[in-house]
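Here is a walk through one structure by way of its labels. Each question asks what stands behind a word, and each answer checks it.

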Amino acid sequence: MSALYYGVAYYDEYMPEERLEKDIALMLETGINVVRIAESTWSTLEPAEGEYNFYHIDRVLNAMHNAGIAVIVGTPTYAIPSWLATKHPEVMVTTVAGQQKYGPRQQMDIVSPVFRRYAENIIRKLLEHVQHHPAIIGWQLDNETKHYDNVGKYMQAGFVRSMREKYPSLDQLNKDFGLDYWSNRIDSWDSFPPVDNTINASLACAFSRYQRQQVTDYLAWQADIVREYAQPDQFITHNFDFEWRGFSFGVQPRVDHFAAAKALSVAGVDIYHPSQDHLTGREIAFGGAVTRGIKAGKNYLVLETQAQGFAQWTPYPGQLRLQAFSHVASGAAMVSYWHWHSIHNAFETYWKGLLSHDFSRNPTWQEATTIGADFARLSPHLEQLQADNDVALLVSNEAMDALNHFKPGDAQSNVYNDIVRRFHDACYDHNIALDVINDVTEATGRYQVLIVPALYAADTGLLERINAFIANGGRALIGFKSGFSDENVKVRRDAQPGILSQACGVSYSQFTLPENVSLGSCTAEIDCQHDAGAELWMELLTPAASTRTLLRYQHPVWKTYAAATDARYGQGRAMYVGFLPQKTMIHQLFNVLTDGLSLSSRTSTATFPVVVRKMRNRSGKRIHFVFNYSGEAQTYVSEFIGTELTQATQLDRGTALQLDAWGFKIVES
């Protein structure tokens, strides 16, 4: 895994027979050195129960090996064959809408013992057949696995068992979850009610956590099977995805990436994003930060990203190159397109691959060939890139579940991800690179700054570790709603923000929705003149005597309350923000918090659309990526000395770099 991989998903099953050799010739021309196959092909591999057909697998493996192209083989379990659904309709997943019908993919019950039996069989049959093939460099488990909103009998029964193991006494469960409310009390394990319609957020969030655990267990189960056949030098990966809003947006609600990744040797991810005039790189950076984080900063594989994709994604000239190197700049060791060819019928007919429907050398493909050539040429400089960030963003599936049960006002979206992305994007737009973490441990001590958005539900231990991080010299930017409830979504009885009040030096007992509320600055360091004011939520903060007030609400009634505060705690500082700020305000608050710090995460004084990413290669040299996410040319004044790699020219500090529309430079220093 030292070299950069440049790849595509390839489906021989969908293509005319004569295409394989022609496609391989074009792949070599493109610079493709890896393909991903088989994850969608259960019905082709096993057209009837117990009958197996490896024709397409064999011919692709042999042809790719002869061409020197490596192969990643996926287990074909995420789309079941029709004969299985006909023989065993009970394998279809049951959601709150009822049992799903056969047709779409990912409609199976992953905890069904019947499904598991058939899935294990096809995995073993495939791996037994191909395990010794020299083309294979790794294995992908399933595909974008989730629990598919499963509330079926096996999921429900397993959840009840897990609660029974955790709570020998139902009295304690009733107390922790507040189930006396509206007569939701449970007095017998045998009459444990279905949870899919519960009005109790504590019970609902516990069930959601259990559903995510089943995804973790399912991938670990597949990984254990694959390891029986895998060679020592082959990796095991999975293509995690994100909350989907027509593109990859935020933390995935249905998977705990950090837990599920433990079964993998290499993290993998699918990242799709807006393009054309809407290309910003924010989704690439956020997805990369998450995927680095789930394997402790190691390189990862982009197993799927767009080449052409939807009609609104057909890239402008230069954008495909910008996208590819943006992935590398976040730590990707592979960039692979979904997919090579465009499909001529079925559901994804209009999700175009690298080649269009006529297989021609289109402009996007032509640009892709320049990426392949550059990957091959620049690999010695861009291998095994590592980030040295000293700013971390804390995310939590548990906090997401809890906050989304109590959305402020009339919010309809996944409001937790709205908030997380607001904080991430504010940093990104101002060239503050960060890591994404899901816990605070001793290892977190390597960071100078911790950003904690909307940590609505958290156990006492995590909150105390955040306080300790601050006391030991760290600086923390803590957003509203943090520390409000415990791990069971039970509101703490102390003044809010609960345990975090110790470090933040602030408290509140009332809150409201902002309406015509602007902000007033209490310090010359913050300019509120052009700020849009408080958004989404506002906590009426009362700072302690030693706590500095940074912002106040500008409102006839609420003007006596603080909106943001800054407190010293031990050797560190904690900033608390009682509302959702605009991105420019987040940046101003971040600057106040980090005053006097020299941050390696602060990669440039430039701002979006000029984005500067900084990594360290395996030789210990700094690699600076300077990106222009704009359709207009930009000038960037170099802040470092080195060699510009794409043109092999020397660069001095202070030199004006001309960035073409959607262009970039790579500097090794």
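Q: What makes arginine 292 and aspartate 435 a salt bridge?
A: Their side chains meet at 3.0 Å, N to O. A salt bridge is a side-chain nitrogen of Lys or Arg within 4 Å of a carboxyl oxygen of Asp or Glu, so the label fits. One caution early on: this is a predicted model, where local features need pLDDT of at least 70, side-chain atom pairs count only at pLDDT 80 or more, and totals for chains, interfaces and linings use all residues. Residues are numbered from 1 along each chain as its sequence is written, and side-chain values use heavy atoms, with hydrogens and water left out.

Q: Why is this pair said to tie together parts of the chain?
A: Arginine 292 sits in helix 10 (residues 282-293) and aspartate 435 in strand 15, so the pair joins parts 143 residues apart in sequence. Helices (H or I, at least four residues) and strands (E, at least two) are DSSP runs, numbered from the N terminus.

Q: Are arginine 292 and aspartate 435 buried or exposed?
A: Buried means under 20% relative accessible area, exposed over 50%, and partly exposed in between (1.4 Å probe, protein chains only). Arginine 292 has 4%, so it is buried. Aspartate 435 has 11%, so it counts as buried too.

Q: What makes aspartate 374 and arginine 321 a salt bridge?
A: Their side chains meet at 2.8 Å, N to O, so they pass the cut-off. The pair links distant parts of the chain, with aspartate 374 in helix 12 (residues 363-382) and arginine 321 in helix 11, 53 residues apart. Aspartate 374 is buried at 10% relative accessibility, and arginine 321 is buried at 18%.

Q: How many residues apart are arginine 618 and glutamate 383, and what joins their side chains?
A: A salt bridge joins the side chains of arginine 618 and glutamate 383, at 2.8 Å, N to O. They are 235 residues apart: arginine 618 is in the loop between strand 27 and strand 28, and glutamate 383 in the loop between helix 12 and strand 14. Glutamate 383 has 7% relative accessibility, so it counts as buried. The structure holds 35 salt bridges.

Q: Why is serine 601 called buried?
A: Its relative accessibility is 0%, so it falls under the cut-off. Serine 601 is found in the loop between helix 17 (583-593) and strand 27 (610-616). Contact means heavy atoms within 4.5 Å. Leaving aside neighbours within four places in sequence, serine 601 has contacts including Asn389, Val391 and Ala433.

Q: Which strands are the edges of the sheet 27-28-33-30-31, and what makes them edges?
A: Strand 27 and strand 31 (649-651) are the edge strands, as each pairs on one side only. Two strands pair if DSSP finds at least two bridges between them. Strand 30 (residues 642-644) and strand 31 have three bridges and run antiparallel, so they qualify as a pair. One of the bridge partners is leucine 651 in strand 31, matched with glycine 642.

Q: How do you know that strand 20 and strand 23 pair?
A: Four bridges join strand 20 to strand 23 (residues 548-554) in the antiparallel sense, so the pairing rule is met. Glycine 520 has arginine 552 in strand 23 as its bridge partner. Both strands belong to an open sheet of eight strands with mixed pairing, in the order 15-14-16-17-25-24-23-20.
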